[in-house]
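This briefing is meant to be read slowly, with the sequence and the structure side by side. Please look through both before going on to the points grouped below.

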Amino acid sequence: MLATTDLWFRYQDEQVLKGLTLDFSAHAVTGLVGANGCGKSTLFMNLSGLLRPQRGAVLWQGKPLDYGRRGLLALRQRVATLFQDPDRQIFYTDIDSDIAFSLRNLGVAEAEIARRVEEALTLVDAHAFRHRPIQCLSHGQKKRVALAGALVLQAEYLLLDEPTAGLDPAGRAQMIEIIRRIVAQGNHVVISSHDIDLIYEVSDTVYVLGHGEVLAHGEPGAVFARSELIADAGLTQPWLVKLHAQAGLPLCKTEDEFFQRMRREARKERS
Ligand SMILES: Nc1ncnc2c1ncn2[C@@H]1O[C@H](COP(=O)(O)OP(=O)(O)O)[C@@H](O)[C@H]1O
Ligand SMILES: [Mg+2]
């Protein structure tokens with residue numbers, strides 16, 4: 001179980017997180033939304049033990065995080081993070097070594113490493129640039145490499161901080177696919193994104209953050225229906241929610257579902 005309890009974090013001169021109590025284990029996919037600068041990335045760094053709260057705690061399996069070397073190593077095998085800035089987690093110049101890095105550290109057999117690296121490269125669609133030096137890749141490509149490095153761990157929790165920033169629409173669709181696969185394997189995802197439509201589509205529960213606090217929490221359809229709250233948080237409603245709230249159309253979770261229902265209604269009207 002991964003959670004936080006009354007977590008407070010400040011950089012030298014700025015109190016960023018103010019008493020966050022969050023549970024990431026209750027649902028398969030937890031979405032985090034909030035305006036730029038509200039502290040999402042700071043929260044992810046707290047969750048992975050890179051930053052340490054001044055008050056409150058990150059809870060892993062019901063206990064406060066163990067910040068010792070061994071404790072963090074154990075955590076990071078089971079909680080893998082894709083940070084917002086891929087340069088933060090890319091250490092090698094060649095992609096294969098970079099992706100295999102954490103597995104080598106853990107002493108996984110080379111044959112198994114090769115198998116998992118291959119699978120991760122396919123999932124993130126990185127075969128085309130696999131042999132290029134990492135420093136020559138675009139931001140989006142680096143992001144895919146960093147994601148592959150997180151996926152090979154097959155962790156119980158995958159934390160994705162702005163995973164689609166810098167990706168094209170195909171990359172975005174792949175991200176949705178990857179999230180679905182991880183969930184199908186019984187694992188959890190925590191995702192933050194500027195892309196409110198993406199969060200709405202993939203999340204089973206959402207937290208709306210503002211000024212370091214939880215402004216709202218619950219089922220995405222219900223939370224995003226609160227137009228004033230969403231505007232106060234500096235966000236806009238997902239378009240599928242807008243169609244429902246402002247045009248009275250059925251509330252659907254995905255674009256596909258929406259168009260299917262529209263076609264069905266149209267057929268009904270014609271007959
Ligand atoms: N290393 C840092 N030192 C000082 N302040 C920081 C640092 N990183 C982020 N901040 C500040 O903390 C706040 C939250 O930032 P961040 O967690 O990146 O928000 P978000 O990911 O939601 O955009 C911002 O005001 C930002 O300027
Ligand atoms: Mg951020």
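Which residue stands opposite His188 in S8? The residue that stands opposite His188 in S8 is Tyr157, and the strands around this pair are taken up again further down. The model shown here is a predicted one, and the points that follow treat its ligands, a helix beside them, and its strands.

**The magnesium ion**

- The magnesium ion, which is ligand 2, has as its protein donors the OG atom of Ser41 and the OE1 atom of Gln84, lying 2.1 Å from the ion.
- These two donors link distant parts of the chain, since Ser41 belongs to helix H1 (residues 40–47) while Gln84 sits in the loop between strand S6 (79–82) and helix H3 (95–105), and the two are 43 residues apart.
- Are the donors buried or exposed? Ser41 counts as partly exposed because its relative accessible area is 21%, which is not under the 20% that the word buried requires.
- Gln84 is likewise partly exposed, with a relative accessibility of 34%.

**Ligand 1 and the residues around it**

- The shell around ligand 1 is made up of Tyr11, Glu14, Val16, Ala35, Asn36, Gly37, Cys38, Gly39, Lys40, Ser41 and Thr42.
- Sorted by class, this shell contains 4 nonpolar, 5 polar and 2 charged residues.
- Strand S2 (14–23) and helix H1 each give at least two residues to the shell, and the largest share, 3 residues, comes from H1.
- Two backbones come within a short list of distances to oxygen atoms of ligand 1: a backbone N or O atom of Cys38 lies 3.3 Å from one, and a backbone N or O atom of Ser41 lies 2.9 Å from one.
- On the side-chain level, an N or O atom of Tyr11 is 3.4 Å from a nitrogen atom of ligand 1.
- Taken alone, ligand 1 would expose 570 Å², and the protein buries 63% of that area.

**Helix H1**

- Helix H1 is mostly covered, for 7 of its 8 residues are buried, namely Lys40, Thr42, Leu43, Phe44, Met45, Asn46 and Leu47.
- Met45, which is found in this helix, counts as buried because its relative accessible area is 13%.
- Between the C-alpha atoms of Met45 and Phe83 there are 8.1 Å in space, although the two residues are 38 apart in sequence.
- After H1 comes Gly49, a residue whose phi is positive, near 80°.

**The antiparallel sheet**

- Four strands form an open sheet in the order S2-S1-S4-S5, and their pairing is antiparallel.
- At the edges of this sheet are S2 and strand S5 (63–64), each of which pairs on one side only.
- Strand S1 (residues 2–11) is joined to S2 in the antiparallel sense over 7 bridges, and Arg10 has Gln15 in S2 as its bridge partner.

**The parallel strands**

- Strand S8 (residues 188–192) pairs in the parallel sense with strand S3 (residues 29–33) over 4 bridges, where Leu32 has Ser192 in S8 as its bridge partner.
- Strand S7 (residues 157–161) also runs parallel to S8, and 5 bridges join the two.
- S7 is in turn joined to S6 by 4 bridges, again with the strands running parallel, and Ala80 stands opposite Leu158 in S7.
- In a regular strand the side chains alternate between the two faces of the sheet.
- Both faces of S8 are covered, with His188, Val190 and Ser192 buried on one side and Val189 and Ile191 buried on the other, and so 5 of the 5 residues of this strand count as buried under the 20% cut-off.
- In S6, Val79 and Thr81 point one way while Ala80 and Leu82 point the other way, and all of these residues are buried.

**A buried arginine**

- Arg144 has its place in helix H5 (residues 139–151), and this residue counts as buried because its relative accessible area is 12%.
- A polar atom of the Arg144 side chain lies 3.1 Å from the backbone oxygen of Val124.

Notes: Residues are numbered from 1 along each chain as its sequence is written. Chains are lettered from A and ligands numbered from 1 in the order in which they are written. This is a predicted model: local features need pLDDT of at least 70, side-chain atom pairs count only at pLDDT 80 or more; totals for chains, interfaces and linings use all residues. Side-chain values use heavy atoms; hydrogens and water are left out. Donors are N, O and S atoms within 2.8 Å of the metal (3.2 Å for Na, K and Ca); water is not among the atoms, so sites may look incomplete. Buried means under 20% relative accessible area, exposed over 50%, partly exposed in between (1.4 Å probe, protein chains only). A residue is near a molecule or strand if one of its heavy atoms lies within 4 Å of it. A polar contact is a pair of N or O atoms within 3.5 Å; within protein, one must be able to donate a hydrogen and the other to accept it, and residues adjacent in sequence count only if both atoms are side-chain atoms. Accessible areas come from the Shrake-Rupley method with a 1.4 Å probe; for residues, only the protein chains shown count as cover. Ala, Val, Leu, Ile, Met, Phe, Trp, Tyr, Cys and Pro count as nonpolar, Asp, Glu, Lys and Arg as charged, and the others, Gly among them, as polar. Two strands pair if DSSP finds at least two bridges between them.
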